[in-house]
Amino acid sequence: GGEAHGLAGLAARAAARLPLPVKETLELGYNAVAFRRLVGAIRRHHPDFLYERYAANTYAGLAAARRCGIPFVLEVNSPLAREKAEHDGLFFRQVTAGIERRLCSRADVTLAVTGVLARLLEEDGVPPGKVVVMPNGVRQGFGDAATPGNGAAFRRGLGLPPDALVAGFIGWFRAWHGLERLLEAAASEAWCQAKIHLVLAGDGPAMPALRERREALGLNDRVVLCGPVPRNDIEAALAAFDVAVQPAVTPYACPMKILEYMAAGRPIVAPGSDNVRELLTDGATALLCPGDANPGVEDLQAAVLELARDPGLRQRMGAAARRQVYLDLNNNGAVVT
């Protein structure tokens, strides 16, 4: 396990340094290897269908399923041809886009995690009505351990004052999460007077910049960067939050953090983008900020303050969010766009 993980990480770092044409050619070439392996596995194990999470330049799953005569189900979490072209660079853009369109169009079932994503796929040439919208979810029972006692113990472990009101985020720290905006909000006089402490639980590429900004703003006493939280302690960490915040989102994604906040019964502050509104209702299960996927500091600050000043609203919103996520989970509904 550890050795395989280390080799995979080494391979990923080496691939990231390759020129784009070489990297993408290797990705395309790997389909021949993957096809043989998948056909062999299908013939050995006789699955009812093949389920694949879409990766750019990968079509071996569809080819193997067709060769063996079994259905092919494709899960799509992002429009990777667009995403890579915009953020990472893409040399064979038309090839990658064509493979994406072919996969989504020819799969027996194509699943997208949001309606926004389904519409983007249709804009890129997938036939209307082809994509089934199925949001992400949480395991049954997640949030049951988000109790006041567990939350209080987690707070004590962080050395937070007993009267602190905690705004928190838990997840992987990347630049597009907008966490620096929460530091700016934490520096405000209003948050200081309301005794709001900010807890950012996790790690990632944005951590060094966040440490530097916390130092520059003089927030070491009111902002805790507690590092990665073991999986078994995540519910306790969520229970420690009086307000759970998602400061920014990718506009077509279905954020797991929001679903976990909901299941843990936390009152939520989040962007008011269309994909978030597929999960949350402003004023009922969350306070949603203007600014689409990237709210400004002032709006995030004001929404957290509103919840900080109203314990009854926090309780009602958290309970409503938990009811909603379990209603959706138990209904297990999917929507065809």
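**Exercise 1. Find where Leu-26 sits and what patch Leu-26 helps make.**

Leu-26 lies in helix H2, residues 20–45; helices (H or I, at least four residues) and strands (E, at least two) are DSSP runs numbered from the N terminus. This is a predicted model, where local features need pLDDT of at least 70, side-chain atom pairs count only at pLDDT 80 or more, and totals for chains, interfaces and linings use all residues. Residues are numbered from 1 along each chain as its sequence is written, and side-chain values use heavy atoms, with hydrogens and water left out.

Next, check the accessibility: Leu-26 comes out at 53%, so Leu-26 counts as exposed (over 50% relative accessible area; buried is under 20%, partly exposed in between, with a 1.4 Å probe and protein chains only). Finally, the patch: Leu-18, Val-22 and Leu-26 make a nonpolar surface patch of about 230 Å². Patch residues have over 30% relative accessible area and no salt bridge; like charges are joined within 9 Å, and nonpolar side chains (Val, Leu, Ile, Met, Phe, Trp, Tyr) within 5 Å. Areas come from the Shrake-Rupley method with a 1.4 Å probe, and for residues only the protein chains shown count as cover.

**Exercise 2. Work out which side of helix H10 is buried and what that side packs against.**

Start with the buried residues of H10 (207–216): Met-207, Leu-210 and Arg-214. They cover an arc of only 60 degrees around the axis, so they sit on the same side of H10; the arc is that of the directions from the helix axis to the C-beta atoms. Now flip to the face turned away: there you'll find exposed Glu-212, Glu-215 and Ala-216. The buried residues pack against helix H8 (179–186), strand S6 (196–203) and strand S7 (223–227), with contact meaning heavy atoms within 4.5 Å.

**Exercise 3. Trace the salt bridge between Asp-144 and Arg-322.**

The rule: a side-chain nitrogen of Lys or Arg within 4 Å of a carboxyl oxygen of Asp or Glu. In this pair, the closest N and O atoms are 2.5 Å apart. Asp-144 is in the loop between strand S4 (131–133) and helix H7 (148–158), while Arg-322 is in helix H15 (311–331), so the pair links distant parts of the chain, 178 residues apart. Arg-322 is partly exposed, at 25% relative accessible area.

**Exercise 4. Decide how far to trust the model.**

The average pLDDT is 92, and 93% of the residues score at least 70; pLDDT is the predictor's confidence in each residue, from 0 to 100. Over residues 1–5, pLDDT stays under 50, and the model has zero contacts there beyond four places in sequence.
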